[in-house]
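Visitor: I would like a close look at one part of this protein, and I would be glad of an unhurried walk through it. Could you take me there once the structure is up?

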Amino acid sequence: MQFGKVDHPEHIDFTLPQDHKGTQKVLNKSSKEELSVYVGCAKWNRQDLKGFYPRGTKDELEYYSRQFNSIELNATFYRIFPEEQFQKWYEKTPEGFKFFPKLVQNISHLKRLNEDVQPYVDQYLSCAVHLKEKLGTIFLQMHGNFAPKNFDRVLHFIEQWPKEIRLAVEFRHTDWFNDQQIANELYTLLEENNVANIITDTAGRRDLLHMRLTNDEAFIRYVGANHPTDYDRLDVWVERLKSWKEQGINHIHFFVHQNIEKESPLLSKYLIVALNKHLNTKLSLPGHDTDDLKLF
């Protein structure tokens, strides 16, 4: 992920903003279920994760899924895979593993949520549901130039989305969060339809850290900068997630990206260790192979 990349991350203030005042209200209304936490990378491709797979690994997904409990499935952004492919992914992964697939670009970037996207949505979902209980939250990522002037498209899309399938959305145009009236309308729409408001943490776009949850799910897309500060930033996130747990959050979905993805497994492992220590989660740790990875 090159989004928000900067040349000198050491010059960035990585402090997380205070929670939006609406976040506590949302968490106070949550059902207080047992906390569910999924942590993973964005890809399992060997080319992107050099050094992660032991020599001789024949099936990368099969190996990856026994190291982490989830994957942010970005491959589904580029085309709609047939149902047979989703079935294969299901069969290769162990019980308890979850996929969090991105909606195809035909919907978000090409058609830009126009009314004629519904056939793509129907086709996509008819295939993705073959992940069965391993289907996590599906997420919609809009282009950075998709502005609030198209709010009516967002409204129609979300209201038409099948309520039995969890959805999260990511907006990258700053006016969705920095125009107070628009932001309030957006948050109300997401809350009323139980849609998660994705938080994107990347070096060059600190304006996207709205810290506004709209349901009982924190869906975080964390982009490291291939820099020592990546660890410090994760420590800060652990403190915030601990606070949200104390307030009643039910679902934490945290996916680690890197501009050079080969380092994502090590950062993910670091986060898992910290969550187990500070949130009393019992996430399995990746095997010894990740110990051989070196970041800096």
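My question is about E170: does E170 count as buried or exposed, and at what relative accessibility?

Guide: Happy to take you there, and please keep in mind that we are looking at a predicted model. E170 counts as buried, because its relative accessibility is 0% and the cut-off for buried is under 20%.

Let us see what E170 meets there. Its side chain joins that of R221 in a salt bridge, with 2.6 Å from N to O. This pair links distant parts of the chain: E170 sits in strand β5 and R221 in strand β8, 51 residues apart. R221 is buried as well, because its relative accessible area is 0%, under the 20% cut-off. The contact also belongs to a wider arrangement, for E72, E170, R172 and R221 are linked in a network of salt bridges.

Now follow the strand that carries E170. Strand β5 covers residues 167–170, and it takes part in an open sheet of 3 strands with the order β4-β5-β6 and parallel pairing. The edge strands of that sheet are β4 (138–141) and β6 (196–197), each of which pairs on one side only. Between β4 and β5, which run parallel, there are 4 bridges. If you would like one to find on screen, look for L140, whose bridge partner in β5 is V169.

Just before β5 there is another contact to visit. R166 forms a salt bridge with E217, and their closest N and O atoms are 3.0 Å apart. R166 lies in the loop between α6 (151–160) and β5, while E217 lies in strand β8 (residues 217–224), so this salt bridge ties together parts that are 51 residues apart in sequence. The two partners can be told apart by their accessibility. E217 is buried, with a relative accessible area of 1%, whereas R166 counts as partly exposed at 27%.

With E170 and R166 in view, we can step back to the other salt bridges. The structure holds 16 of them. One to look up is the pair R240 and D19, whose side chains meet at 2.8 Å, N to O. Here R240 belongs to helix α9 (residues 229–247) and D19 to the segment before α1 (21–28), and the two are 221 residues apart. R240 is buried at a relative accessible area of 16%, while D19 is partly exposed at 26%.

Before we finish, a short detour to the pockets. The largest pocket holds about 370 Å³ of space. Its lining is made of 19 residues, and A42, K43, N74, A75 and Y78 are the ones nearest its centre. Strand β2 (residues 70–73) gives the most to this lining, with 3 residues. Sorted by character, the lining has 8 nonpolar, 4 polar and 7 charged residues.

The second largest pocket has a volume of about 210 Å³. It is lined by 15 residues, with S65, Q67, F68, N69 and S284 nearest its centre. Its lining divides into 7 nonpolar, 5 polar and 3 charged residues.

To return to your question, E170 is buried at 0% relative accessibility, and its side chain meets that of R221 in a salt bridge. Both residues belong to the salt-bridge network that also includes E72 and R172.

Note on methods:
Residues are numbered from 1 along each chain as its sequence is written. This is a predicted model: local features need pLDDT of at least 70, side-chain atom pairs count only at pLDDT 80 or more; totals for chains, interfaces and linings use all residues. Side-chain values use heavy atoms; hydrogens and water are left out. On a 1 Å grid over the protein atoms alone, a cavity is a set of points where a 1.4 Å probe fits but cannot get out, and a pocket is an open set with protein on both sides within 12 Å along at least five of seven lines; lining residues have an atom within 4 Å of a point. Grid points are joined across faces, edges and corners, and a volume is the space filled by probe spheres set on the points. Ala, Val, Leu, Ile, Met, Phe, Trp, Tyr, Cys and Pro count as nonpolar, Asp, Glu, Lys and Arg as charged, and the others, Gly among them, as polar. Two strands pair if DSSP finds at least two bridges between them. A salt bridge is a side-chain nitrogen of Lys or Arg within 4 Å of a carboxyl oxygen of Asp or Glu. Buried means under 20% relative accessible area, exposed over 50%, partly exposed in between (1.4 Å probe, protein chains only).
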